[in-house]
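The following exercises are to be worked with the sequence and the structure in view. Each task is followed by a solution that proceeds step by step.

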Amino acid sequence: MLSEEAKKEIEKALRKYPNKRSAVMDALRSAQKARGGHLEKADMDEIAVILEMQSVEVNAAAAFYTMYNIDKPVGRHHIQVCRNISCSLLGAEHLIKHMERTLNIKTGETTPDKRITLSTVECLGSCGTAPMMQINDDFHENLTEAKVDEILKGLK
Ligand code: FES
């Protein structure tokens with residue numbers, strides 16, 4: 001079930017677009033935020049009803065983008081490291097290994113205290129400031145090992 005907060009956000013989003021289905025990205029984001037970082041099938045089914053879409057269409061939109069976490073709860077801080085060409089050439093793989101060692105988890109896993117999830121993603125559109133990663137809604141760019149250590153220390 002969508003939370004009341006998510007339903008209100010979706011109602012607000014509906015006013016921004018010329019047709020209901022255009023609000024699908026906003027609706028998915030609101031539902032994910034209200035659930036604490038992931039989406040469940042019931043959320044997408046309910047969004048489909050509100051937006052007058054097929055459930056499979058809503059599910060396809062959510063499945064296409066790495067920013068939606070379907071059926072997979074994530075930690076309070078979701079680190080998504082870009083491993084596409086610019087970031088790779090400038091050391092993303094090294095930084096990923098460094099974070100795996102520091103956090104004592106593998107990519108795709110969450111720390112036992114549910115604090116941090118480490119994922120990799122394709123290009124986040126910030127190639128000019130590679131290597132980079134996104135943590136929840138914020139970009140962290142021009143990363144170095146020292147900068148990553150500082151960022152990880154700040155994730156409470
Ligand atoms: S390649 Fe990493 S942001 Fe584009």
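**Exercise 1. Describe the chain as a whole.**

Solution. The model is predicted. Begin with the contacts: of those with a separation of 6 or more, 58% join residues 24 or more positions apart. Next, list the secondary structure: the chain holds 7 helices and 4 strands, and along the sequence they follow the pattern α-α-α-α-β-α-α-β-β-β-α. Then consider the division into domains, with domain 1 covering 4–64 and domain 2 covering 77–153. The C-alpha centres of domain 1 and domain 2 lie 27 Å apart. Finally, take the dimensions and the burial: along the principal axes, the C-alpha atoms fill a box of roughly 45 × 35 × 25 Å, and 29% of the 156 residues are buried.

**Exercise 2. Characterise helix H2 and identify what its buried residues pack against.**

Solution. Helix H2 spans residues 24–35, and its 12 residues reach 16 Å from the first C-alpha to the last, close to the 16 Å expected at 1.5 Å a residue. Its buried residues are Val24, Ala27, Leu28, Arg29, Ser30, Ala31 and Gln32. These pack against helix H1 (4–14), helix H3 (41–51) and helix H4 (55–64). Just after H2, glycine 36 takes a positive phi of about 95 degrees.

**Exercise 3. Determine how the buried and exposed residues of H3 are arranged around the helix.**

Solution. First, list the buried residues of H3: Asp43, Met44, Glu46, Ile47 and Leu51. Seen down the axis of H3, these residues fall within an arc of 160 degrees, and therefore they line one face of the helix. A general rule helps in reading such a pattern: an α-helix has 3.6 residues a turn, so residues three or four places apart point the same way. Next, turn to the face directed away from the buried side of H3, where the exposed residues Ala42 and Val49 are found. Alanine 42 counts as exposed because 12 other C-beta atoms lie within 10 Å, and the exposed class covers counts of 12 or fewer. Alanine 42 and serine 55 are 13 residues apart in sequence, with a C-alpha to C-alpha distance of 9.6 Å. Lastly, the cover over the buried residues of H3 includes H2 and H4.

**Exercise 4. Describe the packing of H2 against H3.**

Solution. Two packed helices are described by the angle between their axes and the distance between the axes. For H2 and H3, the angle is about 145 degrees and the axes are 10 Å apart. The crossing of H2 past H3 is right-handed. At the contact, Val24, Ala27, Leu28, Ala31 and Arg35 of H2 meet Asp43, Ile47, Ile50 and Leu51 of H3.

**Exercise 5. Examine the backbone at glutamate 52, asparagine 136 and proline 131.**

Solution. Start from the general expectation: most residues other than glycine have a negative phi, and most peptide bonds are trans. Glutamate 52 is not a glycine, yet has a positive phi of about 55 degrees. Glutamate 52 lies in the loop between H3 and H4 and is exposed, with 9 other C-beta atoms within 10 Å. Asparagine 136, also not a glycine, has a positive phi of about 50 degrees. Asparagine 136 belongs to the loop between E3 and strand E4 (138–140) and is partly exposed, with 14 other C-beta atoms within 10 Å. The peptide bond from alanine 130 to proline 131 is cis, with omega near -5 degrees. Proline 131 sits in the loop between strand E2 (116–121) and strand E3 (133–135).

Methods. Residues numbered from 1 in each chain as written. Predicted model: local features only at pLDDT ≥ 70, side-chain atom pairs only at ≥ 80, totals over all residues. Helix = DSSP H or I, 4+ residues; strand = E, 2+ residues; numbered from the N terminus. Expected span 1.5 Å × (residues − 1). Buried ≥ 20, exposed ≤ 12 C-beta atoms within 10 Å, placed from the backbone. Contact = placed C-beta atoms within 7 Å. Domains from an automatic or database assignment. Arc of directions from axis to C-beta. Axes fitted to C-alpha atoms, helices over the stretch in contact; angles between N-to-C directions. Left-handed = near helix turned anticlockwise from the far one by under 90°.
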